[in-house]
Amino acid sequence: MRITTSIPGEISANTMTTIIKTIEVTIPIKTAFDLFVNKLTLWWPQEYTWSKDKLVELVIDPIPHGLCTEIGPNGFRCDWGTVMEVEQGKRFAFKWQISASRVPEPDANKASEVYILFEQPAPGATRIQLTHGKFENHGNNYTAYRDAMASEQGWPYILSAFASYAAKSAH
């Protein structure tokens, strides 16, 4: 597993720096897409959910305007994102509707955006590039939020969890 990172410089005073993380896994591209989008419950770190060890399911409705939802105990439901675009096996984008204080943000205009691109660098391998931008939509604490998501406990940790699950599924 290899995770590379870049944080390009700001384009202007009104444009937030974007996080870009890239990971490569040794599974076919269609499998990688399916695991990433449709099997989220099986690989997403439970400690990064509201339900923690009582998590029932993480669901993404992979259609434009579909919801990204956490289902927890006793009927708990929390929508934490809205799908912007899906191209099966190639790309997936959604509004990240989790505020800087880690509470759900129902207003999609106050959300950042996550774009995930799936590429095949070699047969049986997949490169996943995750781009998380528009942090300024989160308001005053957006730079600290961006820095947290760029840190080793943010997207690198989450993508490592995916890579570990992908490696197990390949056997």
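Colleague: By how much are the end C-alpha atoms of helix H4 (residues 155-169) apart, and what span should its 15 residues have?

Modeller: In this predicted model, local features need pLDDT of at least 70 and side-chain atom pairs count only at pLDDT 80 or more, while totals for chains, interfaces and linings use all residues. Residues are numbered from 1 along each chain as its sequence is written, and side-chain values use heavy atoms, with hydrogens and water left out. Helices (H or I, at least four residues) and strands (E, at least two) are DSSP runs numbered from the N terminus, and the expected span is 1.5 Å times one less than the number of residues. For the 15 residues of H4 the expected span is 21 Å, which agrees with the distance between its end C-alpha atoms, 21 Å.

Colleague: Is Phe162 of that helix buried or exposed?

Modeller: Buried means under 20% relative accessible area, exposed over 50%, and partly exposed in between (1.4 Å probe, protein chains only). Phe162 lies in H4, where the buried residues include Trp155, Ile158 and Leu159. The relative accessible area of Phe162 is 0%, so Phe162 is buried.

Colleague: Which residues does Phe162 contact, leaving aside its neighbours within four places in sequence?

Modeller: Contact means heavy atoms within 4.5 Å. As for sequence separation, Ile23 is 139 residues from Phe162 along the chain, with the two C-alpha atoms separated by 9.4 Å. Beyond the sequence neighbours, the contacts of Phe162 are Val25, Ala32, Leu35, Phe36, Trp43 and Ile128.

Colleague: Within what arc do the buried residues of helix H3 (residues 142-150) fall?

Modeller: Tyr145, Arg146, Met149 and Ala150 are the buried residues of H3. The arc is taken over the directions from the helix axis to the C-beta atoms. Seen down the axis, these residues line one face of H3, because they fall within an arc of 135°.

Colleague: What covers the buried residues of H3?

Modeller: An α-helix has 3.6 residues a turn, so residues three or four places apart point the same way. The cover over the buried residues of H3 includes strand E2 (19-25), strand E6 (91-96) and H4.

Colleague: Which residues lie nearest the centre of the largest pocket?

Modeller: On a 1 Å grid over the protein atoms alone, a cavity is a set of points where a 1.4 Å probe fits but cannot get out, a pocket is an open set with protein on both sides within 12 Å along at least five of seven lines, and lining residues have an atom within 4 Å of a point. The largest pocket holds about 290 Å³ of space, and H3 gives the most to its lining, with 3 residues. Of the 16 lining residues, those nearest the centre are Trp44, Tyr48, Trp96, Arg102 and Met149.

Colleague: Which element gives the largest share of the lining of the largest cavity?

Modeller: The structure holds 1 cavity of 30 Å³ or more, and about 50 Å³ of space lies in the largest cavity. Its lining includes Phe36, Trp44, Phe92 and Trp155. The largest share, 3 residues, comes from E6.

Colleague: What is the phi of Arg102?

Modeller: Most residues other than glycine have a negative phi. Arg102 sits in the loop between E6 and strand E7 (112-119) and is partly exposed, at a relative accessible area of 37%. Although Arg102 is not a glycine, its phi is positive, about 65°.

Terms used:
Points joined across faces, edges and corners; volume = space filled by probe spheres on them.
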